[in-house]
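Biologist: Could you walk me through this one? I'd like to hear the reasoning behind the labels too.

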Amino acid sequence: MNETDAPTGTPAPADTLPAPARAPRVHYAWVVAGVSLLVLLGSAGFRSTPSLMMDALHTEFGWSMGTISSATSVNLTLYGLTAPFAAALMDRFGVRLVVVCALLTISVGAGLTMLMREPWQLVLCWGVLVGLGSGSMAGAFATTITGRWFRARQGLVTGVLTAAGAAGNLVFLPVGAWLVEQHGWRSAVVVVSLAASAVAVPVLLLMRERPADLGLLPYGATEPPPAPAAGGGALVRSLRVLREAARSRAFWLLAGSFAICGATTAGLVGTHFIPAAHDHGLPVTTAAGLLALIGVFDVIGTVASGWFTDRFDAGRLLIVYYGLRGLSLLVLPQLFAGSLEPPILAFVIFYGLDWVATVPPTVALCRRHFGEDAPIVFGWVLACHQIGAAVVASLAGFARDALGDYDLAWYAAGGLCAVAVLLCLALRTGAPERTAPALS
């Protein structure tokens, strides 16, 4: 039989076949994850700046700690409330557009801070504008990216992106503290404004919406994901998801425990650790260095937590994390000193490993209970996290004004962690309330 007589289905000679498409050595999911990491690094650094400015603003304008904390409280609240709507906006208008607009909002808000003369201007610039901008790049952003681009290694990638917050503090806190001390607080906000604009460039150049846009499957996937749900505005969808999730016991347990997470991290330690250490005679630059060092160990702890989440029960991990955090906060008031001593370094290491290790298992539980709505549900859970942070950031500032120290705030935070343990125990007693389909 010659070639022309070959039956249908018989392979043609090799020299007549088209060359197969060469698979990329590195899946583009890792490029998107790298850009997302840069965005979250910057976002975290931008949010950390107010804690560096508290003493400087108090000295220059005579504003009380409670007044200055109120701007941070507004920032934290809007950071949280923006997250679920940002997730829906990313579905509607695209990740790239939403993130670029958010970065430019931060740039404008930080830049305008240099002109302020009244407390309400601090609230408007750093509370409202920076809060809205940073909230658009909150945890729901990381959940959207991992859900769209990854099927394998979701927990690990979530942990790495979450750890970007700590790494952002590591970069910005020492530099910001030095700028505030050497050149005044305005120099720090100039850096924030310029950095936010600079981060927008790689987002514009490299961010892509979905693997299908490049003819790819999500990393680790063997079949295409279901088509994304169509229709419905971002506001309508966010509220619909909230209404449905609010009927679930799991949602309220996750929201309550994560509110306590926010209260005991961003609200208390993130906002007030530096002024509390300064109250005991520690220089601001040294205190900022310690908070940055917490970020170093947070990177390790959060990445490890993502790895653990891929292998162990997420609810059990949360119980361990909240229990250890509560113990560390109860002993913190006895560890402050006027110089750098081993006990405070031990706290920094221990607490740092636990800082946001709660995020990967919380995201995993959202996926387990809420399936394809998980990014928006986690956005609402994150909103509760930030409301908890905002309440405690404000209350701790007023407590410091009234009592002269932060001791009561640290003890109360330790007690709140015990409540979080109970909420997570209750969550583990219930089965998932719906089957979690693959995320779109």
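Biologist: At what angle do helix α14 and α15 pack, and how far apart are their axes?

Modeller: This is a predicted model, and in it helix α14 (residues 359-370) packs against α15 at about 130 degrees, with the axes 9 Å apart.

Biologist: What makes α14 oblique to α15?

Modeller: Roughly perpendicular covers 65 to 115 degrees, and roughly antiparallel starts over 145. The angle here is about 130 degrees, so α14 counts as oblique to α15. The crossing of α14 past α15 is right-handed.

Biologist: Which residues make that contact?

Modeller: From α14 you get V359, T362, V363, C366, R367 and F370, and from α15 A374, V377, F378 and V381. By class, that's eight nonpolar, one polar and one charged. Arg counts as charged, so R367 of α14 fits that class.

Biologist: And how does helix α9 pack with helix α15?

Modeller: Helix α9 (residues 249-267) and helix α15 (residues 374-403) pack at about 40 degrees, axes 6 Å apart.

Biologist: Why is that pair called oblique?

Modeller: To count as roughly parallel, an angle has to be under 35 degrees, and roughly perpendicular begins at 65. About 40 degrees falls in neither range, so α9 and α15 are oblique to each other. α9 also passes α15 in a right-handed crossing.

Biologist: What kinds of residues meet there?

Modeller: The contact of α9 with α15 has 17 nonpolar residues, five polar and no charged. Among them are F251, L254 and F258 in α9, and W380, L382 and H385 in α15.

Biologist: How do you know that R186 and E60 form a salt bridge?

Modeller: The cut-off is a nitrogen within 4 Å of a carboxyl oxygen. For the side chains of R186 and E60, the N to O distance is 2.9 Å, so the pair qualifies. R186 sits in helix α7 (residues 185-206) and E60 in helix α1 (residues 28-61), 126 residues apart, so the pair links distant parts of the chain. The whole structure has six salt bridges.

Biologist: Where is the confidence lowest and highest among the helices you can name?

Modeller: Helix α6 (residues 154-183) has the lowest, a mean of 75, and helix α12 (residues 314-331) the highest, at 93. The chain's mean pLDDT is 81, with 87% of residues at 70 or more.

Biologist: How many contacts does the model have for residues 435-440, beyond four places in sequence?

Modeller: There are 21, although pLDDT stays under 50 over that stretch.

Conventions: Residues are numbered from 1 along each chain as its sequence is written. This is a predicted model: local features need pLDDT of at least 70, side-chain atom pairs count only at pLDDT 80 or more; totals for chains, interfaces and linings use all residues. Side-chain values use heavy atoms; hydrogens and water are left out. Axes are lines fitted to C-alpha atoms, for helices over the stretch in contact, and angles run from 0 to 180 degrees between N-to-C directions. Helices (H or I, at least four residues) and strands (E, at least two) are DSSP runs, numbered from the N terminus. A crossing is left-handed if the near helix is turned anticlockwise from the far one by less than a right angle, and right-handed if clockwise. Contact means heavy atoms within 4.5 Å. pLDDT is the predictor's confidence in each residue, from 0 to 100.
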